[in-house]
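Notebook open, coffee poured. Today I am looking at the empty spaces in a structure and at what fills them.

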Amino acid sequence: MIITCKKDINSKQLTLIFNELDKNNLSYSINNDLGYKIILVNNTRPFDDSILKANRGIASITDQISNHPLVDLVDNNYTVIDVNGIKIGGDNVVIMAGPCAIEDYDTLNDICFNIKKSGAHILRGGAYKPRTSPYTFQGNKEKGLTIMNDVGKKHQLPIISELTNINDLELFIKNVDIIQIGTRNMQNFALLEAVGKCNKPVLLKRGMGNTIEELLSAAEYIMKNGNHQVMLCERGIRTFEDSTRTTLDISAISVLKKKTHLPIIVDPSHAAGKSEYVESLALAALAAGADGLIIETHVSPETSVSDGRQSISCDELNSIINKGRTICSVYNKKI
Ligand code: PEP
Ligand code: MN
């Protein structure tokens with residue numbers, strides 16, 4: 001860390017700096033060559049610089065130390081997560097598909113049969129739905145999770161569902177293979193710490209108003225608590241553009257692949273908001289290097305109780321997977 005002091009820093013302000021560094025057992029050296037003090041601090045771990053930032057005698061603080069060391073990519077060593085034998089990351093490209101919300105047993109059973117036939121590896125579905133309006137369908141909750149667990153077991157597909165409340169964690173540990181943290185909860189730090197203490201893979205979705213740096217720090221909350229089975233998900237961010245529901249940040253995939261070893265999953269459905277845009281966004285994500293896709297898929301999108309407008313049919317999923325295989329082969333990756 002480099003602390004550049006103002007020329008007119010007073011002795012009280014200087015003492016505050018030294019006290020803060022001493023309190024944190026940080027060694028430092030002082031350089032006066034330029035006529036003002038530059039303090040070179042030997043920190044090797046993230047440091048809480050809030051007290052220093054409040055010091056009016058400091059002109060600037062620069063720190064090269066990452067705030068998310070556990071999440072950072074080191075020596076191109078990418079993480080591969082194993083979910084019941086399905087490998088996520090590395091040379092494997094995973095397809096998660098299923099309805100926005102779990103409706104009833106027969107519908108989910110039908111969807112699961114068809115997505116598996118198309119080549120999907122994991123069944124998605126929401127039981128607790130974080131809906132913008134309290135007057136829309138809120139999900140079938142515990143009953144939905146039980147239906148999904150039964151269907152997943154019957155077709156031997158792992159299942160992923162969104163956890164919205166810390167009180168439901170035990171229920172999720174019992175019923176799902178991957179815990180999804182949704183866009184609205186990316187910075188629900190109590191929830192992140194709780195899933196960090198459990199031994200289940202977690203898919204962490206990027207907040208629709210959050211930067212890549214904030215996403216990486218959110219993932220650090222999970223990993224710092226012991227759970228290293230974390231996947232990140234780009235699902236579209238809010239921009240001025242309103243022809244799609246949100247804007248799929250394709251560049252986030254390129255950036256994340258350079259910054260973190262964690263697998264990157266892309267959700268083209270919530271970014272597009274319209275089914276006709278899902279295929280091209282999904283294929284663009286694979287071309288950009290995504291490790292997987294999570295796509296809202298329904299046997300009858302027009303009667304889906306939630307997000308039907310952006311849900312694709314099982315035939316459309318089949319087409320994405322087939323074209324995706326060609327794109328992935330360019331990188332020697334396999335769907
Ligand atoms: C979902 O996947 O069903 C969902 C609600 O996603 P997001 O949190 O990205 O809106
Ligand atoms: Mn949805």
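How much space lies in the largest cavity? I looked this up before anything else, keeping in mind that the model is predicted. The answer is about 30 Å³. My search, which took in cavities of 30 Å³ or more, gave a count of one.

**Entry: the cavity wall.** I listed the residues that line the largest cavity and got Arg124, Gly125, Gly126, Lys129, Ser161, Glu162 and Gln180. Sorted by class, this lining holds four polar and three charged residues, with no nonpolar ones.

**Entry: the ligand and its shell.** Next I asked which residues are around ligand 1. My list reads Arg124, Lys129, Glu162, Gln180, Gly182, Thr183, Arg184, Lys205, Arg235, His270 and Glu296. Arg124, Lys129, Glu162 and Gln180 belong to this shell and also line the largest cavity, a nice overlap to keep in mind. By class I find seven charged and four polar residues around the ligand, and no nonpolar one.

**Entry: polar contacts.** I then checked distances from side chains to oxygen atoms of ligand 1. For Arg235, a polar side-chain atom is 2.6 Å from a ligand oxygen. Arg124 also places a polar side-chain atom by an oxygen of ligand 1, at 2.8 Å. In the case of Arg184, I read 3.1 Å between an N or O atom of its side chain and a ligand oxygen. I also looked up how much of ligand 1 is covered: on its own it exposes 300 Å², and the protein buries 97% of that.

**Entry: the ligand's pocket.** Where does ligand 1 sit? I found it in the second largest pocket, for which I noted a volume of about 240 Å³. This pocket is lined by 18 residues, and Pro130, Arg184, Arg245, His270 and Asp307 are the closest to its centre. Arg184 and His270 were already on my list for the ligand shell. The lining comprises nine charged, seven polar and two nonpolar residues.

**Entry: the largest pocket.** Last stop, friends. I get a volume of about 300 Å³ for the largest pocket. Its lining counts 14 residues, and nearest the centre I find Asn67, Ser217, Glu220, Tyr221 and Lys224. Which helix gives the most to this lining? It is α7, with six residues. Both α6 (189-196) and α7 (212-224) supply at least two residues each. The class tally here is six nonpolar, four polar and four charged.

**Entry: side by side.** For my own reference, the lining of the largest pocket has six nonpolar residues, whereas that of the second largest pocket has two and the shell around ligand 1 has none.

Note on methods. Residues are numbered from 1 along each chain as its sequence is written. Chains are lettered from A and ligands numbered from 1 in the order in which they are written. This is a predicted model: local features need pLDDT of at least 70, side-chain atom pairs count only at pLDDT 80 or more; totals for chains, interfaces and linings use all residues. Side-chain values use heavy atoms; hydrogens and water are left out. A residue is near a molecule or strand if one of its heavy atoms lies within 4 Å of it. A polar contact is a pair of N or O atoms within 3.5 Å; within protein, one must be able to donate a hydrogen and the other to accept it, and residues adjacent in sequence count only if both atoms are side-chain atoms. Accessible areas come from the Shrake-Rupley method with a 1.4 Å probe; for residues, only the protein chains shown count as cover. On a 1 Å grid over the protein atoms alone, a cavity is a set of points where a 1.4 Å probe fits but cannot get out, and a pocket is an open set with protein on both sides within 12 Å along at least five of seven lines; lining residues have an atom within 4 Å of a point. A molecule sits in a cavity or pocket if more than half of its atoms lie within 2 Å of its grid points. Ala, Val, Leu, Ile, Met, Phe, Trp, Tyr, Cys and Pro count as nonpolar, Asp, Glu, Lys and Arg as charged, and the others, Gly among them, as polar. Grid points are joined across faces, edges and corners, and a volume is the space filled by probe spheres set on the points. Helices (H or I, at least four residues) and strands (E, at least two) are DSSP runs, numbered from the N terminus.
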